[in-house]
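Please look through the sequence and the structure shown here before reading on. The report is written for someone meeting this chain for the first time.

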Amino acid sequence: VYPNPVKGNVIGLQLQDITKGTYSLRIVSVEGKEVYKQQLAVGSSSINTTVTPSTKLAKGTYTLQLQGNGSNYVQKIVVE
């Protein structure tokens, strides 16, 4: 995840050595509330994309979760 801290409501996502398939991407607040969700199709072993939540994320700490194909990736992000 880059940049971290996130500025401007655009989150860069770079994945390497990932299995092809469809993943569920979620952004969850520290209170446990899901603030954004999308499906992400991965067609190769690496992907470089951006995530732009439909509503502006408030300043604070969030958890970005990527789940699919038996994998679960979790990354803490800070929004400034």
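What follows describes the chain as a whole, then its strands, and then a few individual residues.

## Overall build

The model described here is predicted. The chain contains 0 helices and 6 strands, and its elements, read along the sequence, follow the pattern β-β-β-β-β-β. With a radius of gyration of 12 Å, close to the 12 Å that the globule rule gives for 80 residues, the chain is as compact as a globular protein of that length. Along the principal axes, the C-alpha trace spans about 35 × 20 × 20 Å.

Of the 80 residues of the chain, 34% count as buried. The accessible surface comes to about 4800 Å², and 47% of this area belongs to carbon and sulfur atoms. When the contacts with a separation of 6 or more are considered, residues 24 or more positions apart account for 55% of them. The chain carries 8 positive and 4 negative charges, and the mean positions of these two groups are 4 Å apart.

## Strands 1 and 4

Strand 1 covers residues 11-15, and strand 4 covers residues 47-51. These two strands run antiparallel and are joined by 5 bridges, with Leu 15 having Ile 47 of strand 4 as its bridge partner. Because 4 of the 5 residues of strand 1 are buried, this strand is largely enclosed by the rest of the structure.

Ile 11, which is found in strand 1, counts as buried because its relative accessibility is 0%, where the limit for buried is under 20%. Although Ile 11 and Thr 50 are 39 residues apart in sequence, their C-alpha atoms are 5.5 Å apart in space. If neighbours within four places in sequence are left aside, the residues in contact with Ile 11 include Val 1, Tyr 2 and Val 6, as well as Ile 27, Thr 49, Thr 50 and Val 51. Leu 57, Leu 64 and Ile 77 are also among the contacts of Ile 11.

## Strands 2, 3, 5 and 6

Strand 2 (residues 21-29) and strand 3 (residues 34-42) run antiparallel, and 8 bridges join them. One of the pairs between them is formed by Gly 21, whose bridge partner in strand 3 is Val 42. The two strands form a hairpin with 4 residues between the strands, in which Gly 32 takes a positive phi near 90°.

Strand 2 is also joined to strand 5 by 6 bridges, and this pair again runs antiparallel; here Leu 25 stands opposite Leu 66 in strand 5. Strand 5 in turn runs antiparallel to strand 6, to which 9 bridges join it, and Leu 66 stands opposite Tyr 73 in strand 6. Leu 66 therefore has a facing residue on strand 2 as well as on strand 6, namely Leu 25 and Tyr 73.Gln 65 is found in strand 5, which covers residues 60-68. This residue is buried, with a relative accessible area of 17%, a value that falls under the 20% limit. Residues up to four places away in sequence not being counted, Gln 65 touches Ser 24, Leu 25, Arg 26 and Val 28, together with Tyr 73 and Val 74.

## Backbone details

Most residues other than glycine have a negative phi, and most peptide bonds are trans. Several places in this chain can be read against that background. A cis peptide bond joins Tyr 2 and Pro 3, with omega about -20°, and another cis peptide bond joins Asn 4 and Pro 5, with omega about 20°. Pro 3 is found in the segment before strand 1, and Pro 5 is placed in that segment as well.

Asp 17 is a residue other than glycine with a positive phi, near 55°, and is found in the loop between strand 1 and strand 2. Asp 17 is exposed, because its relative accessible area is 73% and exposed means over 50%. Asn 69 is likewise not a glycine, yet has a positive phi of about 50°. This residue lies in the loop between strand 5 and strand 6, two strands that form a hairpin with 2 residues between them, with Asn 69 in the turn. Asn 69 is partly exposed, with a relative accessible area of 44%.

How values were computed
Residues numbered from 1 in each chain as written. Predicted model: local features only at pLDDT ≥ 70, side-chain atom pairs only at ≥ 80, totals over all residues. Heavy atoms only, no water. Rg over C-alpha atoms; globule rule 2.2 N^0.38 Å. Buried < 20%, exposed > 50% of the residue type's maximum accessible area, 1.4 Å probe, protein only. Contact = heavy atoms within 4.5 Å. Areas by Shrake-Rupley, 256 points an atom, 1.4 Å probe, with all protein chains shown as cover. Lys, Arg positive; Asp, Glu negative; His and termini not counted. Charge placed at Lys NZ, Arg CZ, Asp CG, Glu CD. Pairing = 2+ DSSP bridges.
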